[in-house]
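Open the model in a viewer and keep the selection panel at hand. The stops below go from one chain to the contact between chains and then to the sheet.

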Amino acid sequence: MTPDRTYITPQMRDVVGLELRRSTSFPITDSDIRRWALAVYYPEPAPRLFWDADYAAATSHGGIVAPEEFNPFAWMTVPDPDTPPRERVAIGFVSPEETLGLERPDTQSLINGGTEVDYGVRMRPGDVITSVGRLAGYSEREGRLGLMLFTTTEDTWTNQRGETVKTSRSTLIRY
Amino acid sequence: MAVDRNAVTVGTVLVPLIRTTGFHNWNRYAAVNDEFVPIHMDDEAGRAQGFAGAFGMGNLMWSYLHNVLREWMGDDGRIVSVTCSFRAPNNRGMTVEARGTVTAVRHEDGERFVDLELAVVDHDAPDTVLVPATATVVLA
């Protein structure tokens, strides 16, 4: 049921489906994968699939692969020549609406509502990953904190061969 | 050792991952994910946001859930999908437990798909669910 008041303006409905961001990683290295695995398994040892090339070559993967949730965009991405350097540094939360040139809804708080990921091919050393994020949609409902705005964004990662690495949907709750 | 795929049935419980959490593992994760956020590094910053102190990254608990799946499946298993929501903070000093239970087993196109209910809970107060989650995997 649609609430009497709403955060969702006609302008917000018009930008659903538009691209929010696009990033390209530097080539993934063995060390990137090894360090990630050491960090997320600490203090247990990381599985050999993530750091032992000889071991990994004998598995069905034929070589080292990254943990599925590995983030190749940490620290720095390939600079976009169309983006002035000072705009590359985001300060604080930048709403999807502001990214698309609209006013942000008049909400006071936000929380991460959750994530859904479908995985495709594994990431490997040497891969270059491109992420394209889109605004997937809005919904809202009354909750114990008042009217809550649910914003879903969808990110698709592909490798240099055009293969899908993963598709993720994240929900941002604002109220 | 990978799971015996023929022994997997509804109700099969995965070996849990248990971690006492704090700056020793959060800082390592911050270093690989470039996630140097004050609420994860400074008790005062956490309290200023209404929490008991510094608390761990949701992304690291996401990794813990994947670790449980990988450890259970072995190298040749495949994670098809994972969903989760973040319900409660992983406070500093808390021992967390990432765990999973098989909810369905089915065959499709010659592959064995397994659905699981997962969660990260407070190991010392297991009714406190920090991260409810689900997953679907394919066993080799």
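Helices, of at least four residues, and strands, of at least two, are DSSP runs numbered from the N terminus. The model on screen is predicted.

**Stop 1: chain A as a whole.** Select chain A. Its secondary structure consists of 4 helices and 5 strands, and from the N terminus on the order is α-β-α-α-α-β-β-β-β. Along the principal axes, the C-alpha atoms occupy a box of roughly 65 × 40 × 25 Å. Of the 175 residues in chain A, 25% are buried. Among contacts in chain A with a separation of 6 or more, 69% join residues 24 or more positions apart.

**Stop 2: the two domains of chain A.** Colour 10-28 + 76-174 as domain 1 and 29-65 as domain 2. The C-alpha centres of these two domains of chain A are 28 Å apart. Where they touch, domain 1 of chain A gives 6 residues and domain 2 of chain A gives 8 residues. On the domain 1 side there are 4 nonpolar and 2 charged residues, and no polar ones.

**Stop 3: helix 2 of chain A.** Select residues 30-41 of chain A. How far apart should the ends of these 12 residues be? At 1.5 Å a residue the expected span is 16 Å, and the end C-alpha atoms are 17 Å apart, which agrees. Now show the side chains of D32(A), I33(A), W36(A), A37(A), A39(A), V40(A) and Y41(A), the buried residues of helix 2 of chain A. Among what covers them are helix 1 (23-33) and helix 3 (58-73) of chain B.

**Stop 4: helix 1 of chain B.** Here the buried residues are N25(B), W26(B), A30(B), V32(B) and N33(B). Their cover includes helix 2 of chain A, along with strand 1 (17-20) and helix 3 of chain B. Just after helix 1 of chain B, pick D34(B), which has a positive phi near 50°.

**Stop 5: the contact between the chains.** Select the touching residues: 25 residues from chain B and 24 residues from chain A. On the chain B side, the elements that give two or more residues are helix 1, helix 3 and strand 2 (78-84) of chain B. Helix 3 of chain B supplies the largest share of that side, 7 residues. By class, the chain B side holds 11 nonpolar, 9 polar and 5 charged residues.

Next, select strand 2 (residues 110-119) of chain A and strand 2 of chain B. These two strands run antiparallel and are joined by 4 bridges. One pair to label is T115(A) with its bridge partner C84(B).

**Stop 6: the sheet.** Show the strands of both chains. They include an open sheet of 10 strands with antiparallel pairing, in the order 1(A)-3(A)-4(A)-5(A)-2(A)-2(B)-5(B)-4(B)-3(B)-1(B). Which strands stand at the edges? They are strand 1 (19-24) of chain A and strand 1 of chain B; each has a single partner strand, so one side of each is left without a neighbour in the sheet. From one strand to the next the twist averages 20°.

Within chain A, zoom in on strand 4 (residues 146-158) and strand 5 (residues 164-174), an antiparallel pair joined by 10 bridges. There, D155(A) has S168(A) in strand 5 of chain A as its bridge partner.

Finish on helix 3 of chain B, which packs on the sheet. Helix 3 of chain B touches strand 2 of chain A, as well as strand 1, strand 2, strand 3 (95-108), strand 4 (111-122) and strand 5 (125-139) of chain B. The direction of helix 3 of chain B makes about 50° with that of strand 3 of chain B.

How values were computed. Residues numbered from 1 in each chain as written. Chains lettered and ligands numbered in written order. Predicted model: local features only at pLDDT ≥ 70, side-chain atom pairs only at ≥ 80, totals over all residues. Expected span 1.5 Å × (residues − 1). Buried ≥ 20, exposed ≤ 12 C-beta atoms within 10 Å, placed from the backbone. Contact = placed C-beta atoms within 7 Å. Nonpolar A, V, L, I, M, F, W, Y, C, P; charged D, E, K, R; others polar. Pairing = 2+ DSSP bridges. Domains from an automatic or database assignment. Axes fitted to C-alpha atoms, helices over the stretch in contact; angles between N-to-C directions.
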